[in-house]
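Open your viewer and get your selection tool ready. Here is a short tour, stop by stop.

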Amino acid sequence: MIKDILDGVLSGRELDFDDAGILLSAKRDDLYPLMHAADTIRRRFCGNKMDMCSLVNAKSGLCTEDCKFCAQASRHKTGCETYPLISVEKMVKAASEAKKIGASNFCIVISGEGPTKEEFKKIKQAIEKINKEVGIKVDCSLGALEKEMIHDLKSLGIDRYNHNLETSETYYKNICTTHSHKNRSDMVGILKDAGLRPCCGGIIGMGEALEDRISLAFLLKKINVNCVPINIFNPIKGTPLEKIEQINPLDAIKTIAVFRLILQKPTIKIAGGREAALRDLQAMAFCAGANGMIIGGYLTTKGRSVKEDLQMAKDLGFEV
Ligand code: SF4
């Protein structure tokens, strides 16, 4: 079946929901053929480049939303570091560090559901300075934006904007009640209509069913996103999801492979939770269709050394 699906995808056929379900329930013996199929599709449609992006958490915590997985929601007692928007200078410094460690993109991320006008003004100043003084491609993840803000970002040369859907539409009510899945997918549509390339993915392993993961992948396919960050849930103490058992690494790798078979062309970027959830099996994710990673640490948790990540990507035969 896996061979038929691979041949079908290579000749332009789409995977259907039922077949994706069978693949996602595949037993251990079928994992390697599935990884091979996903890796073949990645090489055919995406080539051999590893997308390595680094981020700055430019405003941490203090968020009034209630995303149950998130360390930065102020109603959860996680003890995460909180601070208002950092200075323009600090953002520029973080961008030049990202360039130094070999990141191809630098993403400015802020907590919350959207920047104030004052915050946005400061972020624009930082982007102008980074463009002028650092010369690294800047992406943004600032929550929901007004139309003029999107226009301003475009005129500063921003072309990729991160706004994750997190999980399926059905499961979303279990992880957030202060805004809806529709709010988020509408925003992605607005970004696309304005000509930005959405970087849009989610989190696997938050207690969702396998069907929820498949629904998310098909929705991302329908929206036609450019880059799909897959976060692997890492339970944070003090959040309502702290007791969820971490996903088995092989199940996470299987999910990544099925995402590649469904999505085919976009970058699949392994984001937060890579080290904590995959442990020694990290490299297998990049033999199962993934072709991007976040390097240099995450929003509220540390990553491993960039040197190890670069070495892993080179050892796997990727161009970095
Ligand atoms: S995911 Fe974003 S919006 Fe949700 S609580 Fe965390 S910082 Fe706030």
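Two strands pair if DSSP finds at least two bridges between them. Helices (H or I, at least four residues) and strands (E, at least two) are DSSP runs, numbered from the N terminus. This is a predicted model: local features need pLDDT of at least 70, side-chain atom pairs count only at pLDDT 80 or more, and totals for chains, interfaces and linings use all residues. Residue numbers start from 1 along each chain as its sequence is written.

**Stop one: strand β2.** Select residues 105-110. Of the 6 residues here, 5 are buried (20 or more other C-beta atoms within 10 Å of their own, with C-beta atoms placed from the backbone), so β2 is largely enclosed by the rest of the structure.

**Stop two: its partners.** Add residues 51-59, strand β1, which runs parallel to β2 and is joined to it by 6 bridges; Cys53 stands opposite Asn105. Now add β3, residues 137-141, also parallel to β2, with 5 bridges between them. Ile108 has Cys140 as its bridge partner in β3.

**Stop three: the ligand.** Which residues are around the ligand? Select Cys63, Glu65, Cys67, Cys70, Gln72, Ala73, Ser111, Gly112 and Glu113, each with its C-beta atom, placed from the backbone, within 6 Å of the ligand.

**Stop four: helix α8.** Select residues 210-223. Its buried residues include Asp212, Arg213 and Leu220. Just after α8 comes Asn224, with a positive phi near 65 degrees.

How values were computed: Buried ≥ 20, exposed ≤ 12 C-beta atoms within 10 Å, placed from the backbone. Expected span 1.5 Å × (residues − 1).
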